[in-house]
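Work through the exercises below with the structure in view, and try each task before reading its solution.

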Amino acid sequence: MSKKIVLIPTYNERENIEAIIRAVFDQPYQFHVLIIDDNSPDGTASIVSKLQKEFPDLLYLLERSGKLGLGTAYITGFKWAIDKEYDYIFEMDADFSHNPEDLNKLYEACSVQHADMAIGSRYKSGVNVVNWPMGRVLMSYFASVYVRIITGMKIMDTTAGFKCYKREVLEAINLDAIKFKGYAFQIEMKFTAWKLGFDIMEVPIVFTDRKQGASKMSGGIFNEAVWGVIKMKAGSWFKKYPNKKKITTETL
C-alpha cells in the first residue's frame, strides 16, 4: 500500500487543529498527518501532542523554535517525509480553507491519472472562492495571471497551496535552493517542477476562507511574490533544469 502523508504547517491554530486532523483521518484513503508547528504561543502543539496518543503511527509533530516562514516549514516537512519514504506528500492549510475531502481527488490525480503533481485549483473551472471579499479575490486571481505571463506556465492557479507531490518530484528538486519563504514559495515550487518537466494536473476545488483564527496573509508576503517572480524567472535563464518528463497540464 502506498504511503501518504499530509503536511500541515501551524501557527496559532488551536481553534482548528483537532478538527482538521480528525477530518483527514476520516477520509476513505488512509492519510498520515505531519504537523509542523512554529512554536505557537496558543498551545497548538500541545493539542497535537495529546492527539498523538489517540493516533499512534498516524499523527506526527515537528516543533520549531519560532515563526520561520511557510516555505521553510514545508521544506522541513518535505525532508522528513522523504526520509520516511512516503510515496505521496500533500500540502494543506489547517483552517479548513482546503476541504479534507479533496485530498482524495488530489491523490487519485497522481495515483490513477499518473500526474506527478496535483494542484487543488481555485481557478481551473471559473473562480471557486467562498467568503473572500471581492478585492482579495481579484488580487489572487490576477496574481495568477501575472505569474503565468512572467513565467510562461499554463497553470491557472499558480499560487495555490493545496497540492499532492509524488516523492520523486521533491527528490528531484534541490530543496535547499528554494529561496522564498512566504506567498511566493508556492509559485517557486510549481515553477521548478514545471521546468524539470514533471506532469502537473489541476483539480478544481472550492476554496472557503477560514472561519476560525486569523489570516497569515500580509502586504510583505504579497510583495515578495510580485517582485520575486521576476527575479525567479530571470534567475532561471542561468540555470540548467534536467528534463524529467514531458509536461502535460490537464483537468480531472
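**Exercise 1.** Describe the second largest pocket of this predicted model, beginning with its volume and then turning to its lining.

*Solution.* Begin with the space itself, which amounts to about 350 Å³ in the second largest pocket. Next, turn to the lining, where 20 residues are found, and where Ala-177, Glu-188, Thr-192, Lys-239 and Tyr-241 lie nearest the centre of the pocket. Then sort the lining by class, which gives 10 nonpolar, 4 polar and 6 charged residues. Finally, ask which helices take part: α7 (183-195) and α8 (219-236) each contribute at least two lining residues, and the largest share, 4 residues, belongs to α8.

**Exercise 2.** Find which residues of helix α1 are buried, and state what covers them.

*Solution.* Helix α1 spans residues 17-25, and the residues to mark as buried, which means under 20% relative accessible area, are Ile-17, Ile-20, Ile-21, Ala-23, Val-24 and Phe-25. The cover over these buried residues includes the strands β1 (4-10), β2 (32-37) and β3 (59-63), together with the helices α2 (44-54) and α4 (102-111).

**Exercise 3.** Locate the domain listed by UniProt and describe the chain over that range.

*Solution.* An unreviewed UniProt entry lists residues 6-172 as "domain: Glycosyltransferase 2-like". Over residues 6-172 the chain is 41% helix and 19% strand, while the C-alpha atoms at the two ends are 20 Å apart.

**Exercise 4.** Judge the confidence of the model, and find where the pLDDT is below 50.

*Solution.* The average pLDDT of the protein is 89, and 91% of the residues score at least 70. Over residues 246-252, however, the pLDDT is below 50, although this stretch has 23 contacts in the model beyond near neighbours in sequence.

Methods. Residues numbered from 1 in each chain as written. Predicted model: local features only at pLDDT ≥ 70, side-chain atom pairs only at ≥ 80, totals over all residues. Heavy atoms only, no water. pLDDT = per-residue confidence, 0-100. Contact = heavy atoms within 4.5 Å. 1 Å grid on protein atoms, 1.4 Å probe; cavity = no way out; pocket = protein on both sides within 12 Å on 5 of 7 lines; lining within 4 Å. Points joined across faces, edges and corners; volume = space filled by probe spheres on them. Nonpolar A, V, L, I, M, F, W, Y, C, P; charged D, E, K, R; others polar. UniProt positions renumbered as here; feature names shortened; annotations may be inferred. Buried < 20%, exposed > 50% of the residue type's maximum accessible area, 1.4 Å probe, protein only.
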